[in-house]
Amino acid sequence: MEELVIKIFGEGKDLNVYQMSARAFVIYIIALVLIRISGRRTFGKKSAFDNTIAIILGAILSRAVVGASDFVPTVVCCLVLVLLHRLLAIISLHSESFARLLRGESMVLFENEKLNDENMKLGLISKNDLMGDVRSKANINSLTSVDQVYLETSGEISVVGKKPHK
């Protein structure tokens, strides 16, 4: 049985196309399971906290596909990272200060009819970038119709339009 497994999946770095393909197939299934364990937010929130786990999983799991690292320890390492990610997400649900530490806070870029130049510099957002996002997100071509603009923790711009007067 062991010889069959070695024939199908290979050993070490000297893998043929079929062995790498078999490894890739198995790693794909394992990655799907790991992502399900990690939670839906991993790819939904698009925060640095959530993107980090996706990048690290890809980097580490690729080592198992190409034979650069032993298969089982690589998968176990990824499982530990996914469980850590999930634990940190659960802790952040119960602690707002921990959540801020982990994810950061939204920044006000425009409010009270004024640009917040300091936050725009911190967020590396130019006025042209801000206006482009206002146009694409709110379908507004001028800040006169805007109450607030935020740079969210995900890097997205959100626009709050002015409430119509009654």
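Where is the place of R23? R23 sits in helix α2, which covers residues 17–38; helices are DSSP runs of H or I of at least four residues, strands are runs of E of at least two, and both are numbered from the N terminus. The model is a predicted one, so local features need pLDDT of at least 70 and side-chain atom pairs count only at pLDDT 80 or more, while totals for chains, interfaces and linings use all residues. Residues are numbered from 1 along each chain as its sequence is written, and side-chain values use heavy atoms, with hydrogens and water left out.

Helix α2 has 22 residues and spans 30 Å from its first C-alpha to its last, close to the 32 Å expected at 1.5 Å a residue; the expected span is 1.5 Å times one less than the number of residues. At its N-terminal end, N16 acts as the cap, with a side-chain oxygen 2.9 Å from the backbone nitrogen of Y18. G39 follows α2 and has a positive phi, near 115 degrees. The buried residues of α2 are Q19, A22, R23, I27, I30, A31, L34 and S38; buried means under 20% relative accessible area, exposed means over 50%, and partly exposed falls in between (1.4 Å probe, protein chains only).

Back to R23, a charged residue in a buried spot. R23 has no salt bridge, and D70, the nearest side chain of opposite charge, is 7.3 Å away. For this purpose Lys and Arg count as positive and Asp and Glu as negative, with His and the chain ends not counted. A salt bridge takes a side-chain nitrogen of Lys or Arg within 4 Å of a carboxyl oxygen of Asp or Glu. What R23 does have is a polar atom of its side chain 3.4 Å from the backbone oxygen of G10. That fits the cut-off for a polar contact (a pair of N or O atoms within 3.5 Å; within protein, one must be able to donate a hydrogen and the other to accept it, and residues adjacent in sequence count only if both atoms are side-chain atoms). Leaving aside neighbours within four places in sequence, R23 is in contact (heavy atoms within 4.5 Å) with F9, G10, E11, G12, L15, A64, V65, G67 and F71.

D70 turns up again with T74, a residue of helix α5 (residues 71–94). The side chain of T74 reaches the backbone oxygen of D70 at 2.6 Å. T74 is buried because its relative accessible area is 6%. Not counting residues up to four places away in sequence, T74 touches I60, L61, A64 and S69.

Next come the nonpolar cores, each a set of buried Ala, Val, Leu, Ile, Met, Phe, Trp, Tyr and Cys residues joined through side-chain atoms within 4.5 Å. The largest has 14 residues, of which L109, I125, L130, V134, L143, V146 and V149 touch the most other members. Strand β1 (107–111), helix α8 (127–138) and strand β3 (146–151) each supply at least two residues of this core. Another core, of 13 residues, lies apart from it and includes A31, L34, L57 and C78. In soluble globular proteins, nonpolar side chains tend to be buried together.

Two residues that are not glycines have a positive phi of about 55 degrees: L124 and N139. L124 lies in the loop between α7 (117–122) and α8, and N139 in the loop between α8 and β3. L124 counts as exposed because its relative accessibility is 72%, and N139 counts as exposed at 71%.

How many salt bridges does the structure hold? There are two. In one of them K162 pairs with E113, the closest N and O atoms being 3.0 Å apart. K162 lies in the segment after β4 (157–161) and E113 in the loop between β1 and β2 (114–115), so the pair ties together parts that are 49 residues apart in sequence. K162 is partly exposed at 35% relative accessibility, whereas E113 is exposed at 58%. E156 forms a salt bridge with K137, with 2.9 Å between the closest N and O atoms. Here E156 lies in the loop between β3 and β4 and K137 in helix α8, so this pair ties together parts that are 19 residues apart in sequence. E156 is partly exposed at 37%, as is K137 at 42%.
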